[in-house]
Amino acid sequence: MSKRLTDIICPFCGTLCDDIEVEVSDDGKQILEVYNSCAIGSEKFLHAQSPDRITRPRMKQEDGSWKETTYEEAAKYTAKILCDAKKPLMYGWSSTSCEAQSTGHMIAEQVGGVLDNTATVCHGSTLIAMQDVGIPSCTLGEVKNRADRIIFWGCNPAHAHPRHMSRYSIYSRGYFTGKGSKSRKIIVVDPRPTDSASLADEYIQVEQGRDYELLSALRAALRGAQLPDKVSGVTKEKIYEIVDILKGGRFVVIFFGMGVTHSLGKNHNIDMAIALTADLNNYTKASIIAMRGHYNVTGSGQVLGWQFGFPFCVDLSRGFARYNPGETSSNDLLMRGEVDGCLVVGSDPGSHFPIASVKKIHDIPTVCIDPHTTPTTAVSTCHVPVAIVGIEVGGSCYRMDNVPIESRKVVDPPAGMLTDAEFLGLVLKEVNHIKGVAE
Amino acid sequence: MTSILIKNGFVIDPVQGIRGDKMDIAINDGKIVKNLSNPDKTIDASGMVVMAGGVDIHSHVAGAKVNVGRTFRPEDKLQSTYAPYHGIRHMAGGTSVPTVFKTAYMYADMGYTTVIEAAMPPLYARHTHEEMRDTPIIDEAALPMFGNNWFVLDYLKRGEMDNAAAYIAWLLRSTKGYGIKCVNPGGTEAWAWGLNCLSIDDPVPYFDITPRQIVSGLMEVNEYLHLPHSLHLHSNNLGNPGNYTTTLDTLKLSEGIKPNNNFGREQVLHHTHIQFHSYGGTTWADFESKGKEVMDYINSHPAVTCDIGFVTLDETTTMTGDGPFEYHLNKLNHLKWANTDVELECGSGIVPYVYSKDVYVCGVQWSIGLEMALLAKDHMRCYLTTDHPNAGPFWRYPRIMKWLMSEKARNDVLATMKNEDKVRDRSTLGSIDRELTLYEIAQMTRAGPAKALGLGSSVGGLVPGMQADIAVYPYNPETESDPEKIEWAFSHAKYLIKSGEVILNDGEVVSNGNKKTYWVDVKTTPNRQVERDIDQTFVKYYTVNKNNYEVNEHEFMKNPCVVQIDAIQ
């Protein structure tokens with residue numbers, strides 16, 4: 001007889017679905033089937049069962065081969081490289097729990113590390129824009145219950161956040177939106193006709209890299225100003241029409257993604273999108289929400305925020321916290337060669353950083369804490385596999401709208417494996433020992 | 001646990017009516033005791049003031065909107081020194097919205113040991129608790145917001161008090177909350193459609209209930225549940241000229257309701273940051289104080305308490321569950337605006353603000369707070385707060401004490417204002433020569449708020465048997481005459497003891513303490529109707545499953561301290 005566990009939280013994307021059901025074997029050790037989740041989420045759960053999983057830390061040898069070691073030895077090595085480094089980079093944090101992040105921060109405080117999360121190559125520009133102009137926002141339940149005008153700008157939930165549309169934004173039936181998708185007008189703005197665009201009532205094909213101009217034009221049109229015949233490849237008639245659709249709504253929500261955060265204009269695109277949202281509040285109700293990627297990148301920003309006051313790019317190397325994206329951001333530090341030791345937790349810069357940065361990671365002592373084998377583990381000197389948060393250990397996570405949800409444990413990790421919070425706890429102990437600090 | 005004897009201080013304790021007598025205070029096993037032989041540690045407090053640890057009844061120190069205030073204002077970290085990591089002290093930064101570590105250290109420096117987080121959105125309760133868990137030293141509790149909650153609006157509209165009570169008890173348990181907070185009743189729900197409720201008779205869109213019904217209903221439920229604290233209210237129409245009539249209308253709703261609890265609380269309504277609600281005039285041009293009118297009402301109605309929300313004339317970050325207010329404030333100052341509407345429950349907004357003493361409106365706001373506190377007849381019912389960080393950061397409390405205790409200090413500020421005459425003209429502050437005593441300050445900052453919170457039997461005083469939260473300030477009331485010394489001394493407690501543990505020793509933090517977190521668990525009659533409503537609503541309208549909603553006490557709270565109440569009788 002198998003058992004079905006309910007109310008499980010999916011540790012994949014920022015949608016943080018909490019209605020997953022997982023069928024496990026009678027002894028509770030084997031995941032048999034995953035229900036309600038998207039294809040990516042299912043794969044994440046099922047992959048935990050993979051027979052080729054690495055279950056013990058391993059050190060890279062001179063000849064490039066791996067040699068198995070113990071968690072204790074790996075913790076000693078990690079503590080040593082962090083303490084020896086003048087400016088260690090402690091990067092990632094987005095696919096782990098807030099508890100693990102917090103332990104990592106206590107290590108960083110002692111070794112003078114730079115704490116940065118994946119926002120640095122993702123929604124960091126959104127965080128900078130919030131610091132420029134604020135952010136009128138709401139929880140996803142407000143979208144579900146009230147929103148009748150939805151814009152997806154430079155994001156493709158059909159592929160990146162597959163259940164976003166059914167749970168919150170397009171098809172969900174809420175209190176004041178009983179007709180689901182029929183009670184909403186969907187607008188997709190993207191240079192490419194994506195699968196999400198095919199679901200839209202209005203698809204606006206903006207010229208690549210011209211989002212700022214189109215957002216400005218929408219603001220101008222909202223104020224009744226004259227426009228040139230075409231802006232960013234969109235006719236003025238279309239722009240006025242879109243503005244009428246938005247003004248005619250009761251509750252407008254703009255979702256945006258990497259298409260605007262890291263294309264030409266970067267944080268200024270978001271400034272303008274936020275300003276458009278604020279302007280819309282003069283006519284109706286409007287909110288804007290970033291489509292955050294990793295399931296707990298939002299949580300990393302929160303924990304850094306309450307402990308040090310900044311959401312990413314936090315440099316503790318001078319004994320107090322400094323924040324200056326462009327100077328204290330991971331890629332800038334790596335490319336300038338300022339970093340002499342690296343700890344990567346719950347993310348994969350090997351896949352997502354520019355090759356010049358990845359080469360630097362390869363050239364310095366790097367410990368990668370990750371349940372999986374990734375391009376980052378390949379360039380690290382030490383790989384520490386750990387239990388998977390949300391599957392083999394619980395912990396606090398924050399959804400893209402900052403709602404905190406406690407993820408659950410579904411099955412035990414393979415025998416003898418530690419969680420990342422436990423491993424970081426061992427590292428902290430070693431660091432305390434090296435620094436001569438009483439616990 | 002060590003035993004400690006604090007010798008020879010000027011002891012001030014309104015709970016026992018002690019007014020600066022030279023006495024010894026003994027501590028054993030975390031509690032205050034009558035006497036002690038062979039103490040492990042003796043503190044010589046000669047020439048210094050000894051008081052119970054301070055109690056802050058209303059402060060925004062933890063949770064979702066506080067953290068937005070931190071992260072969206074990097075400039076806030078540049079306004080004061082970012083204190084480096086040192087020994088057991090974590091690095092600590094931020095000015096109007098300090099990090100959790102700095103919050104704790106600065107409260108400790110002021111001799112405060114208990115702080116109430118004043119607005120917890122239920123859906124974000126876990127976040128509030130995570131921040132409180134990471135805040136060392138100080139004991140905390142959080143008040144979840146109910147004034148715009150769909151369940152509450154629905155039950156109260158239909159007059160179903162039993163159902164409202166059962167739901168509120170369930171939500172307090174789920175969020176590990178301490179009491180009933182109500183912010184802009186109905187107005188924040190209206191704000192979800194871009195609207196507001198500005199008087200107590202403005203109907204809430206769709207729900208068709210008025211703020212009057214919400215406030216009355218919540219007071220009734222509060223007493224039905226025998227909660228330690230009363231309804232904690234931020235009424236409608238905050239911050240607008242002429243709003244004092246709304247405030248008086250709201251306060252009058254408390255008439256006829258009787259306190260019903262076993263915690264020594266005597267009020268049925270706590271109106272918070274009353275300064276923001278005591279404005280006359282019709283526009284900002286003829287803006288004036290109506291502090292006297294509002295305080296006259298409070299003076300003559302013992303079932304009402306208030307905290308002031310003193311404007312400190314600083315650059316700060318305003319943050320409140322009153323979403324529409326922040327939108328309008330942003331229309332005034334055009335700085336950045338953050339807003340979060342929370343599904344089915346509440347909302348919030350955040351806007352940086354500069355209270356400049358050269359802007360006459362700010363000057364008048366500053367006057368109103370002081371005027372009201374000086375006109376108060378019973379400081380056991382009128383408390384010192386800045387609605388941190390809304391009217392100013394909490395670490396300005398000592399400066400407010402200076403203003404309250406010295407007419408000269410007040411006049412010095414008035415004299416530097418660009419619009420001094422206009423400011424003097426718009427309030428009665430200039431004609432008040434009252435100077436509060438340390439005894440009254442102790443009432444406003446410890447004994448009073450502790451009693452109003454229903455914590456009066458354990459904190460806020462120095463009675464043997466109480467929790468040993470004690471502050472020693474380097475201030476000699478017999479010899480000191482310089483008002484500046486008041487501000488300095490109350491910002492630099494020489495010793496602080498929390499639950500019998502030395503936190504500050506000779507002004508240095510020597511321990512991160514063993515903070516605890518209060519919450520209230522009320523037993524009510526099982527109510528199938530409410531259980532069904534909750535189940536259905538979670539399935540249909542929430543985006544989080546009911547089983548993932550409750551805050552796990554053991555994971556997210558440090559030393560949870562549950563107040564058990566049986567409301568079935």
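How many residues apart do Arg133(B) and Glu130(B) lie in helix H3 of chain B? They are three residues apart, about one turn of the helix; Figure 5 returns to this pair.

The model is predicted: local features need pLDDT of at least 70, side-chain atom pairs count only at pLDDT 80 or more, and totals for chains, interfaces and linings use all residues. Residues are numbered from 1 along each chain as its sequence is written, chains are lettered from A and ligands numbered from 1 in the order in which they are written, and side-chain values use heavy atoms, with hydrogens and water left out.

**Figure 1. Contact of domain 1 and domain 2 in chain A.** Chain A is divided into domain 1 (3–47), domain 2 (58–121 + 295–435) and domain 3 (124–290); the bounds come from an automatic or database domain assignment. In the contact (heavy atoms within 4.5 Å), 21 residues belong to domain 1 of chain A and 16 residues to domain 2 of chain A. The C-alpha centres of these two domains lie 25 Å apart. Together they bury about 1500 Å², 73% of it on carbon and sulfur atoms. Buried area is the accessible area (1.4 Å probe) that two parts lose on being put together, summed over both. On the side of domain 1 of chain A, Ile9(A), Pro11(A) and Leu16(A) lose the most area to domain 2 of chain A, together 34% of what that side buries. Zero salt bridges are counted between the two domains, where a salt bridge is a side-chain nitrogen of Lys or Arg within 4 Å of a carboxyl oxygen of Asp or Glu. Four residue pairs across this interface are in polar contact, both residues being at pLDDT 80 or more. A polar contact is a pair of N or O atoms within 3.5 Å; within protein, one must be able to donate a hydrogen and the other to accept it, and residues adjacent in sequence count only if both atoms are side-chain atoms. Strand E1 (3–8), strand E2 (20–24) and helix H1 (39–47) of chain A each supply at least two residues of the domain 1 side. Helices (H or I, at least four residues) and strands (E, at least two) are DSSP runs, numbered from the N terminus.

**Figure 2. Hairpin of E2(A) and E3(A).** E2(A) and strand E3 (residues 31–35) of chain A pair in the antiparallel sense over four bridges; two strands pair if DSSP finds at least two bridges between them. Val22(A) stands opposite Val34(A) in E3(A). Six residues lie between the two strands of the hairpin, and Gly28(A) in the turn has a positive phi of about 75°.

**Figure 3. Interface of chain B and chain A.** The contact takes 53 residues from chain B and 63 residues from chain A. About 5100 Å² is buried between the chains, 54% of it on carbon and sulfur atoms. Met91(B), Trp193(B) and Thr543(B) supply 14% of the area that chain B buries against chain A, more than any other three residues. There are three salt bridges between the chains. Glu343(B) forms a salt bridge with Arg399(A), with the closest N and O atoms 4.0 Å apart. Residue pairs in polar contact between the chains number 42, both residues being at pLDDT 80 or more.

**Figure 4. Strand pairing between the chains.** Strand E8 (residues 136–138) of chain A and E16(B) run parallel and are joined by three bridges. Thr340(B) in E16(B) is the bridge partner of Ser137(A).

**Figure 5. Salt bridge within helix H3 of chain B.** The side chains of Arg133(B) and Glu130(B) meet in a salt bridge at 3.7 Å, N to O. Over all chains, the count comes to 56 salt bridges.

**Figure 6. Parallel sheet in chain B.** Five strands form an open sheet in the order E9-E10-E11-E14-E18 (chain B), with parallel pairing. Strand E9 (181–183) and E18 of chain B are the edge strands, each pairing on one side only. Strand E10 (residues 231–234) and strand E11 (residues 269–271) of chain B are joined by three bridges. Leu233(B) has His271(B) as its bridge partner in E11(B).

**Figure 7. Two backbone details in loops.** Most residues other than glycine have a negative phi, and most peptide bonds are trans. A cis peptide bond joins His388(B) and Pro389(B), with omega about -5°. Pro389(B) is in the loop between strand E18 (382–383) and helix H12 (397–405) of chain B. Asn402(A), a residue other than glycine, has a positive phi near 70°. The loop that holds Asn402(A) is between strand E21 (395–398) and strand E22 (404–407) of chain A.
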